[in-house]
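This report goes through selected parts of the fold in turn: two sheets with the helices that pack on them, a pocket, and a single helix residue. The sequence and structure are shown first.

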Amino acid sequence: MKWTGLNELREAYLSFFEEKGHLRLGSFPLIPPADDKSLLLINSGMAPMKKWFLGQAVPPRKRVTTCQKCIRTPDIENVGITARHGCFFEMLGNFSFGDYFKIEATAWAWEFFTKVLEIPAELLYISVYEEDDEAFDIWTQKLGIDPTHMVRFGKADNFWEHGSGPCGPCSEIYFDRGPAKGCGDPNCKVGCECDRFIEVWNLVFSQFDSDGAGTYTRLEHPNIDTGMGLERLACVMQGVDNLFEVDTVRNILNHVCKIAGVDYGKVHKTDVSVRVITDHIRATTFMVADGVLPGNAGRGYVLRRLLRRAARHGRLLGIDRPFLTELIDTVITENGGAYPELVEHKDYIKKVIGNEEASFYATIDQGMNLLTALMERLNTEGVKELPGDEVFKLHDTFGFPLDLTKEIAEENGFTVDEAGFRKALQVQKDTARADYNAKAGSSWNEDLFAALEVSATEFVGYESLTCEGKVIAVASEGRLVEDVANDDEPRTVLVVLDKTGFYAESGGQVADRGVLEGDGVKLKVTDCKKNAKGLYIHTCTLEEGVLHNGMTLTAKVCTKNRMATARNHTAAHLLQAALRKVLGDHVHQAGQLVSAKEVRFDFTHFSAMTAEELAEVEKLVNEEIFAAAAVTTRVMPIAEAKELGAMALFGEKYGEVVRVVDVPEFSREFCGGTHVTNTAQIGCLRIVSESSVAAGVRRIEAVTGTGVLALLDKKDEQLKATAETLKAGNLNEVPARAAAMVEEFKATTAELNALKAKLAADKAKNLFDNAVDVSGVAVYAAFCEDTSAEDARSMVEKARDSHADSVLVLCAQQGEKISLVVGVGADAAKKGLAAGKLVRDIAAVAGGKGGGRPDIAMAGLKDADKVQAALDAAAGIVGAAL
């Protein structure tokens with residue numbers, strides 16, 4: 001066997017199985033298929049192929065081979081502590097979906113190891129399930145394996161099963177690393193816990209269908225599922241002890257050491273941090289390339305946790321700046337040939353990781369200081385558990401994931417009150433929810449209606465904006481009532497109808513507005529919500545008459561308001577589609593507010609959009625509007641909707657039947673909101689603003705239809721007011737008049753600066769009239785009223801440059817702001833004087849702080865009554881420094 005690089009091993013494996021009639025597929029993304037809720041991230045070679053193994057979908061070919069990128073996170077805390085653990089790895093696999101079985105799988109595995117890689121047969125050992133005589137005979141009789149190199153293990157080791165469904169025995173191939181890597185026991189053999197025999201390849205023979213209760217039925221068409229860790233195979237072929245020594249990974253590790261200025265393999269604590277960073281930057285680079293963004297839940301939380309753990313270990317190595325983006329280049333260099341998405345999304349990956357690291361760096365020092373102080377205080381009190389509320393503060397204010405705090409605590413001999421942390425987290429959620437409901441001003445409480453034994457309200461608002469509905473419940477002043485009278489002044493009431501056309505607030509779309517009328521009663525509807533029982537609760541102002549429970553009312557939705565809201569909702573769909581075309585497929589809806597007035601759309605993106613990007617998005621949306629495309633809505637099974645490529649909202653739980661809104665060849669989304677029937681009804685769209693909402697989330701605010709006209713009217717009024725202020729004859733003269741005024745302002749500013757400079761020069765000439773000699777250094781200290789800090793600095797610089805043996809101490813006051821400037825001439829500096837230290841000591845007399853360069857420094861003074869005392873102390877402080 002000869003040394004072979006990891007990238008060469010990957011290609012050798014895939015090419016070998018291509019020659020055996022397998023279809024080579026690229027790695028599936030780390031994000032599981034949308035309908036697989038069992039995994040946060042892909043963690044094995046077969047995980048993306050579940051449907052094929054279960055017969056739920058037809059594979060592209062019965063023989064498939066892949067090298068699958070994988071993430072496993074159950075033992076993140078152990079990554080780095082030992083060299084065995086890693087979050088990211090690649091899994092080689094060859095798969096048969098009802099085609100070949102044990103004979104071919106075993107023969108090809110043996111051929112690849114002994115013929116292609118030329119691993120000596122005497123170094124390979126085979127394990128089989130204890131009852132799988134068929135596999136044992138194939139290995140020994142058909143392939144000629146020495147029976148002394150065969151081992152039988154029980155169900156726990158050599159039988160793959162996960163609940164009900166396909167399962168079966170497996171065979172594992174081990175590599176003997178030699179007695180030097182063993183435990184020294186004469187009976188050391190395969191299965192020993194020492195490092196001599198390592199499992200390299202697992203061949204799973206899925207030949208049974210389990211009912212989950214112990215009954216196994218033979219499959220008519222058994223499957224093959226094999227898995228071999230690429231990094232582990234590389235360890236064998238390169239003769240190294242662990243994945244961090246493998247060529248491609250070692251190159252990343254070496255880059256970490258270069259940045260940190262450390263040597264690997266000399267200090268255990270240093271090695272731990274180097275391994276943490278090496279593994280985590282590999283994992284996070286691949287995760288971001290596949291569309292994972294940092295967040296506080298799910299995959300986003302895993303990504304954030306890994307990045308912040310890596311950043312913290314950088315600090316432990318003495319790296320005092322953001323550095324992770326520098327490592328991305330090496331990760332891509334080592335892996336880009338096999339994973340072109342890394343190269344394609346290089347800039348995007350750097351921005352996402354760079355932004356997250358910068359965000360963490362902005363608070364890590366303050367958070368670490370707080371945590372350190374907390375542990376020191378608890379130590380003195382003899383307490384070894386960090387309180388949950390304090391840990392939550394670190395999480396909420398300084399961005400410390402719970403797991404990171406636990407890790408730091410453990411390093412210092414502390415545990416964490418996790419129950420207290422989760423309680424504080426829940427309190428925050430409850431408070432936020434209560435605050436939201438209070439600010440919503442709805443005055444309704446769905447609990448009032450929870451006990452009603454009535455059917456859900458029938459919603460007919462997609463088809464009709466006017467309908468008759470029977471009142472089935474009324475509430476006023478926080479309680480259910482049978483009747484409510486106007487009493488000559490409007491009253492707020494909550495009305496539940498058995499049928500309504502009013503859209504209830506949902507999915508970011510506000511509720512309809514309108515009226516309820518009948519039998520001398522008139523109610524103005526200002527809001528509508530749907531409770532858990534499906535009752536539509538209308539918040540109303542009773543304007544006329546007496547409302548009775550049980551009466552029939554005509555529900556009239558305001559057509560103008562509904563149409564304006566529909567324009568904005570359809571526009572939101574067009575916005576998302578256009579954003580994905582301009583910015584990339586990483587864009588997903590992160591929230592929205594659709595009303596008659598505007599559309600506010602939040603989306604995942606890592607940086608502010610450029611003016612060109614905004615213009616392109618607006619252009620694409622308006623082109624689709626002007627194309628007068630039909631907007632259709634259809635209700636269909638969720639599986640059919642997904643097959644059509646309809647976009648679903650992340651984190652949203654849908655039923656078996658969904659409503660899909662479709663703008664042909666442009667946008668297709670799951671949506672229960674109200675929409676126009678043709679894009680031309682939107683009129684046009686104008687983006688008003690683009691801003692940041694949170695890390696990795698941006699917001700666009702836009703208007704459509706009559707909202708655009710209102711915006712134009714507003715801008716026209718602003719332009720007229722500007723013309724009047726500039727004394728322009730008409731609007732067309734505004735640009736020229738504004739340009740002329742700017743030039744006038746520049747000329748006036750230049751003239752003023754020249755006068756200030758002359759004044760400063762004149763003052764500088766006289767600065768040394770009252771200088772004090774301190775051991776051959778001329779020290780001048782003075783106070784200047786109505787002088788800015790900038791002017792004082794200019795004066796000191798001019799005087800310093802003309803008097804090399806001087807120290808100048810100038811205090812300047814402008815309004816309530818008092819500044820101190822200290823300058824040190826070149827000759828004075830040679831005597832050991834530094835402006836930065838002098839300004840700190842002098843400012844301290846008046847309660848100030850500051851700093852700067854050796855030749856000039858500045859400080860702010862807080863205590864005006866001690867300014868003169870500070871100036872008087874200057875000569876003595878200079879003398880003490882000589």
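## Terms and model

Contact, as the word is used here for a helix that lies across strands, means heavy atoms within 4.5 Å. The model discussed here is predicted.

## The four-stranded antiparallel sheet

Helix H16 (residues 559-583) lies across strands S23, S24, S28 and S29 (697-704), and its direction runs at about 30° to that of S24. These four strands form an open sheet in the order S23-S24-S29-S28, with antiparallel pairing. Strand S23 (589-594) and strand S28 (685-694) stand at the edges with a single partner strand each, so one side of each is left without a neighbour in the sheet. Averaged over the sheet, and with direction ignored, neighbouring strands are turned by 15° against each other.

At the S23 edge, five bridges join S23 to strand S24 (residues 599-604), the two running antiparallel; within this pairing, Gln589 has Phe603 in S24 as its bridge partner. A further helix, H17 (residues 611-626), lies across S28 and S29, and runs at about 135° to S28.

## The six-stranded mixed sheet

Another open sheet is built from six strands in the order S30-S31-S32-S33-S35-S34, and here the pairing is mixed. Its edge strands are S30 (772-774) and S34 (849-852), each of which pairs on one side only. From one strand to the next, the twist averages 20°.

Strand S34 pairs with strand S35 (residues 856-860) in the antiparallel sense over four bridges, and Lys849 stands opposite Gly860 in S35. Helix H21 (residues 789-802) packs on this sheet and touches S31 (777-785), S32 (806-814), S33 (817-824) and S35, with a direction that makes about 15° with that of S33. Helix H23 (residues 835-845) also packs on the sheet, where it touches S32, S33, S34 and S35, but the direction of H23 makes about 145° with that of S33. The connection between S34 and S35 is a hairpin through three residues.

## The second largest pocket

The second largest pocket holds about 1600 Å³ of space. It is lined by 43 residues, of which Arg72, Arg84, Glu199, Gly229 and Arg232 are the closest to its centre. The elements that give two or more residues to this lining are strands S3 (88-97), S7 (165-176), S8 (197-210) and S9 (216-229), together with helix H6 (230-238).

Strand S8 supplies the largest share of the lining, namely six residues. By residue class, the lining of this pocket divides into 19 nonpolar, ten polar and 14 charged residues.

## A buried threonine in helix H8

Thr285 is found in helix H8, which spans residues 268-289. Is this residue buried or exposed? Thr285 counts as buried because its relative accessibility is 0%, whereas the cut-off for that class is under 20%.

When residues up to four places away in sequence are not counted, Thr285 touches Ile328, Val331, Leu342, Ile349 and Ile353.

Terms used: Residues are numbered from 1 along each chain as its sequence is written. This is a predicted model: local features need pLDDT of at least 70, side-chain atom pairs count only at pLDDT 80 or more; totals for chains, interfaces and linings use all residues. Side-chain values use heavy atoms; hydrogens and water are left out. Buried means under 20% relative accessible area, exposed over 50%, partly exposed in between (1.4 Å probe, protein chains only). Two strands pair if DSSP finds at least two bridges between them. Axes are lines fitted to C-alpha atoms, for helices over the stretch in contact, and angles run from 0 to 180 degrees between N-to-C directions. On a 1 Å grid over the protein atoms alone, a cavity is a set of points where a 1.4 Å probe fits but cannot get out, and a pocket is an open set with protein on both sides within 12 Å along at least five of seven lines; lining residues have an atom within 4 Å of a point. Grid points are joined across faces, edges and corners, and a volume is the space filled by probe spheres set on the points. Ala, Val, Leu, Ile, Met, Phe, Trp, Tyr, Cys and Pro count as nonpolar, Asp, Glu, Lys and Arg as charged, and the others, Gly among them, as polar.
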